[in-house]
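Biologist: I've got a model open on my screen and I'd like a close look at one part of it. Could you walk me through the empty spaces inside and the parts around them, in plain words?

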Amino acid sequence: MKLYNPFRDLSRFERTLWLTSIAVITLSFFLSGGSLLSLTASLIGVTGLIFVAKGYVIGQVLVVIFSVFYGIISWFFRYYGEMITYLGMSSPIAIVTAVSWLRHPYRDTQEVEVVRLRGKHWLSLVLSAIAVTAVFYFILKALGNASLFFSTLSVTTSWIASYLTFLRSPYYALGYASNDIVLIILWIIAAVQDLSCLPMVLCFVMFLANDLYGFYNWRRMQKRQSQN
């Protein structure tokens, strides 16, 4: 049985974006002396995002793996919000999302079927985001989380992104892009004290580029699917 190779489906631009992300992250690791764990997590994460941008289930599988690595890294830097978010929320949701995507392929392709959200979806998203933000704020405050405001904001944006990804909406990418910006700020704060954190900053810069492309590509997917 011949194994399916998802890399062969990458367009020239997607392959360039992926290789550029890999190169930037790897170079920053060697220049700053970052940890091997951070490098591994970053490479897995950015590879997952290029396939999430294509609507491929393999992307969600890689997101699960990245979440585990990132949760461990966050624990070392007392970013407990990040640890709890990725291990207790993002990773489980990514697993459920992978199953959902497997059940909703677009026809006979590797691509997931894109959904146009209705009012009830947006209402449930807003209400759940408010509840998650309130709960995590007090949890993180009690834990003495570093950078409480940005850590709480990261939880909120991560929840919104995960929720929209599960619903198969193109706006998932804008949710993750917002989360990327928050995480860039968080890791810049950490990098000021410890230069070895620099790879995580550049990791999320490249994540931001991939998520912005993901929004563009999912909008194209949505338009194409609606016309067929």
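Modeller: Here is a walk through the cavities, then a helix pair beside them, then a pocket and a few loop residues. Keep in mind that this is a predicted model.

Let's start with the idea behind the search. Rolling a probe the size of a water molecule over the atoms shows where empty space is left. How many cavities of 30 Å³ or more does the count come to? There are 2.

The largest cavity has a volume of about 180 Å³. Its lining is made of 19 residues, and if you want to find the middle on your screen, look for L49, V63, F66, Y86 and Y176, which lie nearest the centre. Quite a few helices take part here: α2 (36-52), α3 (57-76), α4 (80-103), α6 (148-166), α7 and α8 each bring at least two residues to the lining. Which helix gives the most? That's α7, with 5 residues. As for chemical character, the lining of the largest cavity splits into 10 nonpolar, 7 polar and 2 charged residues.

Now for the second largest cavity, with a volume of about 40 Å³. Around it you'll find Q60, V63, S90, I93, A94, T97, S162, T165 and Y176. The elements that put two or more residues into this lining are α3, α4 and α6. Here the largest share comes from α4, with 4 residues. Sorted by class, the lining of the second largest cavity has 4 nonpolar and 5 polar residues, and no charged ones. Did you spot two familiar names? V63 and Y176 are among the residues nearest the centre of the largest cavity, and V63 and Y176 also line the second largest one.

Since α7 gives the most to the lining of the largest cavity, let's see what α7 packs against. Two packed helices are described by the angle between their axes and the distance between the axes. For α7 (residues 172-193) and α8 (residues 198-227), the angle is about 170° and the axes are 8 Å apart. An angle over 145 degrees counts as roughly antiparallel, so α7 is roughly antiparallel to α8. On the α7 side, the contact includes Y172, L174, Y176, I184 and W187, while the α8 side includes M200, F204, L208, F215 and W218. What classes of residue make up this contact? It has 21 nonpolar, 1 polar and 2 charged residues. Notice Y176 once more: Y176 is part of the contact with α8, and Y176 also helps line the second largest cavity.

Next, the largest pocket. About 200 Å³ of space lies in it. Of its 13 lining residues, Y56, V57, I58, L102 and Q110 are the closest to its centre. Both α3 and α4 supply at least two residues of that lining. By class, the lining of the largest pocket has 9 nonpolar, 3 polar and 1 charged residues.

Now a few residues in the loops. F77 sits in the loop between α3 and α4. Is F77 buried, partly exposed or exposed? Its relative accessible area is 29%, so F77 is partly exposed. Leaving out residues up to four places away in sequence, F77 touches A146, W187, D194 and C197. One of those, W187, also belongs to the contact between α7 and α8.

Y171 has its place in the loop between α6 and α7. With a relative accessible area of 32%, Y171 is partly exposed. Y171 and R219 are 48 residues apart in sequence, yet their C-alpha atoms are 8.8 Å apart in space. Setting aside residues up to four places away in sequence, Y171 touches W122, L164, F215 and R219.

Two arginines round off the tour. R168, found in the loop between α6 and α7, has a phi near 65°, a positive value in a residue other than glycine. R107, in the loop between α4 and α5 (119-143), also has a positive phi, of about 55°, although R107 is not a glycine. Which is buried and which is exposed? R168 has 9% relative accessibility, so R168 counts as buried, whereas R107 is exposed, with a relative accessible area of 54%.

Notes
Residues numbered from 1 in each chain as written. Predicted model: local features only at pLDDT ≥ 70, side-chain atom pairs only at ≥ 80, totals over all residues. Heavy atoms only, no water. Axes fitted to C-alpha atoms, helices over the stretch in contact; angles between N-to-C directions. Parallel < 35°, antiparallel > 145°, perpendicular 65-115°, else oblique. Contact = heavy atoms within 4.5 Å. Nonpolar A, V, L, I, M, F, W, Y, C, P; charged D, E, K, R; others polar. 1 Å grid on protein atoms, 1.4 Å probe; cavity = no way out; pocket = protein on both sides within 12 Å on 5 of 7 lines; lining within 4 Å. Points joined across faces, edges and corners; volume = space filled by probe spheres on them. Buried < 20%, exposed > 50% of the residue type's maximum accessible area, 1.4 Å probe, protein only.
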